[in-house]
Amino acid sequence: MIFAINEINRNPEMLSNVKLGYKIYGNCGTMDILRAGLALMSGLKEEFSDENCTKSETVQAILGHSGSRPTIAFARVVGRFQIPVISHFATCACLSNRKEYPTFFRTIPSDYYQSRALAKLVRHFGWTWVGALAVDNEYGFNGIAAFIRTAQEYGVCVEYSEALSSSDPPETLQRITQIIKLSTSKVIVAFMSHREIKLLAAALYKQNVTGLQWIGSDAWITDHSLTDSEGHSILVGSLGFTITKAEIPRLGEYLRQLHPSQFPESQFVRDFWEDVFDCSLNQTANPQKQPCSGFESLQNVESKFTDVSELRFTNNVYKSVYAVAHALDNLIKCDGGKGAFPNRSCAGIRHIQPWQVLQYLHTVNFTTREGERVYFDENGDSPARYELVNLQIASRGTMEGKTLGIYDASLPDSHQFVMNSIPVVWGNGLPEVPVSVCSEKCLPGTHKVLQKGKPVCCYDCIPCPAGEITNLTDSIICLKCPPEFWSNKRRDACIPKAIEFLAYNEILGTLLVLFSLLGVFLTLITTLVFYCHRETPLVRANNSEKKRKQWRKYLLAQEKTVP
């Protein structure tokens, strides 16, 4: 942030005759952060020694916080005073609610998009049976709820959904560990922070639970502290989305020029300096170490602080500062009759108010040196673009996120997810894509029958009845064959019915011939008997009705011929 402000103040094309200042509140904890927000709203009382400088007594914008929970706590209050709040890491989808947080902006995408990206990732690898874990706060609950909704749209079922906080009693961690141990799903989606995932990994490692594929949110998937945690080997092969990497020119050089004399009140700088050079800046407080000489330099020191090869969330801070600067620049350079206020008026440059900066933040639209476009939608959200990373062991023994692909929510649905050809390391060193399904696919010739009391992903594969077939995988019905066809043995195709002929040497054929001959013989015997006794009254009476009908017809014919 300081680097960006200094860079803007040296830029003659931005904010001419105006210098940006800042005040840093470095306290942790939601209550301290809320107090800092209230202090900023009450006004800045310090005075400049320069008499030609008119200092704004009201803060124009607040940058931060990195966490969703503290941001939710103070953004709602700050919003009442129309002061813009721009976060670089608060991703909770709830912060997009303009009624609750009317002045909130962020340079990181909302978890709404990350949740959908994670659901698409699960569907991409054919995992239809997963577990879901969330940190016990708004970030976790909103993120995992959005994931479950989207996953269900894609036909993915969730075996269990649990919440965990680093402050929970040990029984909670043991209970969740036992659930994971007894579950049948091999893929776990974890919407957590690095604190909870490290606790969970250590507990699973102690119980020797292996063979899991972790899917992580951006809050922990690229966190460098994972390497130092117990049981971190369980997390090797994890997949997850994080914001894209970027380069900030000259930032590395600026960081290497850091010296405690520049920030004498900063406890962080003092602790960092003493740790890197193994010396003491205050002999009274730390007499065990030798005093620092004052000639120490970071120019030739390799540390996480000076490493600028993996700038992700740092770049969001950089963009936040520039977003405020561009809003102020547009406000100051406003032409009469083209302003954003009533009657298209412009703001008074010497009395700029936060609500005026807020108005111009909605219209900010610029491109960074890296070619990244920065703007905010109607909810104050930034464009959603992520990198898919895979946690792999680097040559120096640390875990690093290797980029496997890109997810861009601004593209059409079929083009949002693009995978690279980089080899993937799967969870716990598995040689191939792990399988995580409740039931195996039903092959052609069988159809699905849901298991009672279980999700739709759990079913039995039942063979089709005789005369019915299905040639599809995971079919839900069997189709009847036409009358002249019959199902084959595999019940996956209809075949013509076979025509069978009887043979005389077969028992059935012999019996049918014998019965036929017996019938003929009995008929001949009956005919012969009737013929031999044709003049008897019994035989003659047997046909008397027929003769009467014939005689009646004869008489009727005679009557018609008599004149």
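Which residues in helix 9 (residues 267–277) are buried? In this predicted model, the buried positions of that helix are Val-269, Phe-272, Trp-273 and Glu-274. An α-helix has 3.6 residues a turn, so residues three or four places apart point the same way. Just after helix 9, the backbone at Asp-278 takes a positive phi of about 50°.

The loop between helix 9 and helix 10 leads on to the salt bridges, of which a search of the whole structure finds 17. Side chains of opposite charge can pair when their charged atoms come close. One such pair is formed by the side chains of Glu-387 and Arg-312, at 3.0 Å from N to O; because Glu-387 belongs to strand 11 (residues 385–393) and Arg-312 to the loop between helix 9 and helix 10, the pair ties together parts that are 75 residues apart in sequence. Glu-387 counts as buried at 8% relative accessibility, and Arg-312 is likewise buried, with a relative accessible area of 3%.

A further salt bridge, at 2.7 Å from N to O, joins the side chains of Glu-372 and Lys-319. Since Glu-372 sits in the loop between strand 9 (365–367) and strand 10, while Lys-319 sits in helix 10, this pair ties together parts that are 53 residues apart in sequence. Glu-372 counts as partly exposed at 25% relative accessibility, whereas Lys-319 is buried, with a relative accessible area of 7%.

Glu-372 and Lys-319 also appear in the second largest pocket, where they are among the residues that lie nearest its centre, together with Thr-244, Arg-373 and Arg-385. This pocket holds about 480 Å³ of space and is lined by 21 residues, which divide into 7 nonpolar, 7 polar and 7 charged. Helix 10 (313–332) and strand 10 (373–375) each supply at least two residues of the lining.

Elsewhere, the side chains of Asp-474 and Lys-441 meet in a salt bridge of 3.8 Å, N to O. This pair links distant parts of the chain, 33 residues apart, with Asp-474 in the loop between strand 16 (468–469) and strand 17 (479–480) and Lys-441 in the loop between strand 13 (417–419) and strand 14 (446–450). Asp-474 is partly exposed, with a relative accessible area of 22%, and Lys-441 counts as exposed at 59% relative accessibility. Salt bridges that share partners also join Glu-7, Arg-250 and Arg-369 into one network.

The surface also carries a nonpolar patch, with about 1000 Å² of accessible area together, whose members include Ile-507, Leu-511, Leu-514, Phe-515 and Leu-518. Ile-507 lies in helix 12 (residues 507–532) and counts as exposed, at 68% relative accessibility.

Terms used. Residues numbered from 1 in each chain as written. Predicted model: local features only at pLDDT ≥ 70, side-chain atom pairs only at ≥ 80, totals over all residues. Heavy atoms only, no water. Patch = residues over 30% accessible without salt bridge, like charges linked within 9 Å, V, L, I, M, F, W, Y side chains within 5 Å. Areas by Shrake-Rupley, 256 points an atom, 1.4 Å probe, with all protein chains shown as cover. Salt bridge = Lys/Arg side-chain N within 4 Å of Asp/Glu carboxyl O. Helix = DSSP H or I, 4+ residues; strand = E, 2+ residues; numbered from the N terminus. Buried < 20%, exposed > 50% of the residue type's maximum accessible area, 1.4 Å probe, protein only. 1 Å grid on protein atoms, 1.4 Å probe; cavity = no way out; pocket = protein on both sides within 12 Å on 5 of 7 lines; lining within 4 Å. Points joined across faces, edges and corners; volume = space filled by probe spheres on them. Nonpolar A, V, L, I, M, F, W, Y, C, P; charged D, E, K, R; others polar.
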